Amino acid sequence: MTITYPRDLPSFLASRIKFDISRNDLTARDGTGRRSGVSLGTPLWRAEYDFEALTDQQAIAISAWVNSLKGAAQTFIASDPRRWFPASVRLTGFPGGFTGTASSYSVDGTKTVLTLNGLPAGLVLAAGDLVGFLDSTFAKRHCVEVIEGGTASGGGVAVVTVNPAVWAAVSAWSGVAAHLNKPGFTARLVTSESPPVESSPEGRATRRISCIQTIPA
Amino acid sequence: MRDISSTVIDLLDEGRVVLHAAYKVEAATTQRVWSGYGNLTVLGETYTGIGATNLVCAITSEVGQAANPVTLSLSGVDPQWIPSAIEEDLRGKIVSIYTLYFDEDGTSLLDTELEFHGTVDQVITAFVPGEEGSADLNFNLESEARGSQRSGGRLAAGQDQRLIGSTDGSMDAISVAPDIVLYWDGAEPKRAAVALK
């Protein structure tokens, strides 16, 4: 079968997951306790998946998956299995046949206050939930974390504050849409932090996959 | 002379600024790139985002240093982008590097400052294979303070001063001062320029 990039993560559940925003912050504090600093560049998502207690077959399958990325040449979609759905519907699923994709979205001038339209009335988005963005080909992904939640109105409109911003480069994607099911980001492997499978005499193996976001143009 | 807006100064004071950088090479095809993602309009011109955060720290400067050269290193740049950056001879082409001050969300461009203005001296590409590999594009830049085609240091001389005022001999002694040989305390005699360095 032909591979379509970006690939999905291997379907085995990773036992340890780090999924957070990587920032370049410079801070300095003088003798009076005053703190000053700046932030450099664009904050990007980073994720680290540890697959542990793998059977030989699983370990081999993951190795093949990693090798299919050809180092950092090809992309995959990194997501956080803890946050595949908003916390409020994690156990129940979306109500009323809602597929998870908002009918439209808009952002304010700072690009951090996000208005989602076409949600089920009363859907709660809590701090920590992720909102994803994808283009019409599903190849370009970005996600943002809700840092101040909101509830969808009777008309299905929810306003939340998010971090990092919904970059202008993301909103410029063709046919871009906001979605709440399995939000993720387009990622490239950090090869130096993704060592080969380590197997043990008991037939258990471990594998780590480390990746960083790339924002396609 | 910098003219940073008071809004940005207040935000800098509070540590609420995100820095980006942009640079422009005025070659046959003018290259304009910035360290973020997507297109950005800076001073009426469109810059292409190359996602190179390390572009931000390109410059070190010291007060009183007139002609610090600058090495602009773009490591981790998408190798696909490099050929288009070096496909023509860039030596001597004018380079401008700007610091871009964004708000804390990194989305609103508040101020743009010209950080460096000079010319390209050398462009070096380096591809390092392997797990720690990288694709680097290094621009060695000369500051405009370097002067046209001059590469060595030069002292103001009496002749220069006399061009300004034909009767002004105040620099005559200064220009020969480094060549005066000093004999100190049994040490090997040295030119003043060396002994007093």
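I began with B:Arg16, which is partly exposed at a relative accessible area of 33% (buried is under 20%, exposed over 50%, partly exposed in between, with a 1.4 Å probe and protein chains only). B:Glu14 is partly exposed too, at 43%. The two form a salt bridge, with their closest N and O atoms 2.8 Å apart; the term needs a side-chain nitrogen of Lys or Arg within 4 Å of a carboxyl oxygen of Asp or Glu.

A note to self: this is a predicted model, where local features need pLDDT of at least 70 and side-chain atom pairs pLDDT 80 or more, while totals for chains, interfaces and linings use all residues. Residues are numbered from 1 along each chain as its sequence is written, chains are lettered from A in the order written, and side-chain values use heavy atoms, without hydrogens or water.

Next I looked up B:Arg32 and B:Glu45, whose side chains meet in a salt bridge at 3.4 Å, N to O. B:Arg32 is partly exposed at 24%, and B:Glu45 at 23%.

In chain A, I found A:Arg83 bridged to A:Asp80 at 3.0 Å between the closest N and O atoms. Both of these residues are buried.

Then I turned to the interface. I see 21 residues of chain A in contact with 21 of chain B (heavy atoms within 4.5 Å). How many salt bridges are there between chain A and chain B? The count is 0, although I find 14 over all chains of the structure.
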